[in-house]
Amino acid sequence: MDERRNPDDARAEAAERDGVILLDAPDNGCFGCSPHNTRGLRLVWRQGEGEVRAFYTAESHFRGAPGVVHGGIQATLLDETIGVALHRAFGDPEDLFLVTADFELRYRRPVPTGRQIELVGRFERREGRSYFGSGSIVDRTGALLTSATARWVAVPAPEARARPA
């Protein structure tokens, strides 16, 4: 192994080969996807055929009603999953910056805390600067619990937005 190589890069490359989507850049503090944010969701996805999937078990401190995942957490789970699906559909280029513009959520059945659920995200289509995706939360039997659709919009790189005019 090349001693100059960052061991985190090697781990990320190995994960990619296994279909794992690991967003562990040292500066990633995202509430949804960062493994470094100890108060976050720490989501990890797998690339599927035209979709991304993740398994997740919500802890009780993410509850709304007793035993039920808070609706805002469900929205975050699906927003993150759809975003990853959109980026992955285009090979996750470093110069593609997307932000959520519209998000529609449908709560169908209670999502339980303390039980494993599956998150599924799909790229649907692109229209100009708009990227459309869908997502779902399903239980272990495959029953649909929550579904969402979203439109994300391409924006300039954060460095470009931060430059003085």
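# A tour from helix α2 outwards

Begin by selecting glycine 91, which lies just after α2 and takes a positive phi of about 80°. Helices here are DSSP runs of H or I with at least four residues, strands are runs of E with at least two, and both are numbered from the N terminus. What you have open is a predicted model, in which local features need pLDDT of at least 70 and side-chain atom pairs count only at pLDDT 80 or more, while totals for chains, interfaces and linings use all residues. Residues are numbered from 1 along each chain as its sequence is written, and side-chain values use heavy atoms, with hydrogens and water left out.

**The helix α2**

Now select α2, residues 71–89. Its 19 residues should span 27 Å at 1.5 Å a residue, and the end C-alpha atoms are indeed 27 Å apart, which agrees; the expected span is 1.5 Å times one less than the number of residues. Of these 19 residues, 14 are buried, so α2 is largely enclosed by the rest of the structure. Buried means under 20% relative accessible area, exposed means over 50%, and partly exposed lies in between, with a 1.4 Å probe and protein chains only.

**The nonpolar core**

Next, select Trp45, Tyr56, Leu77, Ile117, Leu119 and Ile137, the residues that touch the most other members of the largest nonpolar core, which has 30 residues. A nonpolar core is a set of buried Ala, Val, Leu, Ile, Met, Phe, Trp, Tyr and Cys residues joined through side-chain atoms within 4.5 Å. Which elements give two or more residues to this core? They are β3 (51–57), α2 (71–89), β5 (116–127), β6 (130–138) and β7 (144–155), and α2 gives the most, with seven residues.

**The strand β6 and its partners**

Move to β6, where nine of the nine residues are buried, so this strand is largely enclosed by the rest of the structure. Colour its two faces separately: Ser130, Phe132, Ser134, Ser136 and Val138 lie on one side, Tyr131, Gly133, Gly135 and Ile137 lie on the other, and all of them are buried.

With β5, the strand β6 pairs in the antiparallel sense over nine bridges, where pairing requires that DSSP finds at least two bridges between the strands. Across this pairing, glycine 121 stands opposite glycine 135 in β6. The two strands form a hairpin with two residues between them, and glycine 128 in the turn has a positive phi of about 60°.

With β7, the strand β6 also pairs in the antiparallel sense over nine bridges, and here you can select phenylalanine 132 to find it opposite arginine 151 in β7. The hairpin of β6 and β7 has five residues between the strands, and in it glycine 142 takes a positive phi near 95°.

**Charged pairs**

Side chains of opposite charge can pair when their charged atoms come close. How many salt bridges does a search of the whole structure find? It finds five, each being a side-chain nitrogen of Lys or Arg within 4 Å of a carboxyl oxygen of Asp or Glu.

Keep arginine 151 selected and add aspartate 102, since the two form a salt bridge whose closest N and O atoms are 2.6 Å apart. This pair links distant parts of the chain, for aspartate 102 is in strand β4 (residues 97–107) and arginine 151 is in strand β7, 49 residues apart. Aspartate 102 is partly exposed at 39%, and arginine 151 is partly exposed at 25%.

Then select Glu51, Arg53, Glu118 and Arg122, which are linked in a network of salt bridges. Within this network, glutamate 51 and arginine 53 have their closest N and O atoms 2.6 Å apart, and arginine 53 also meets glutamate 118 at 2.9 Å, N to O. The latter pair joins strand β3 to strand β5 across 65 residues. Glutamate 118 is buried at 16% relative accessibility, as is glutamate 51 at 14%, whereas arginine 53 is partly exposed at 28%.

**A loop and two cysteines**

Select arginine 42, found in the loop between β1 (20–21) and β2 (45–47). Its phi is near 55°, a positive value in a residue other than glycine, and arginine 42 is partly exposed, with a relative accessible area of 40%.

Finish with cysteine 30 and cysteine 33, whose sulfur atoms are 3.7 Å apart, too far for a bond. A search of the whole structure finds zero disulfides, a disulfide being a pair of cysteine sulfur atoms within 2.5 Å. Cysteine 30 is partly exposed at 24%, while cysteine 33 is buried at 8%.
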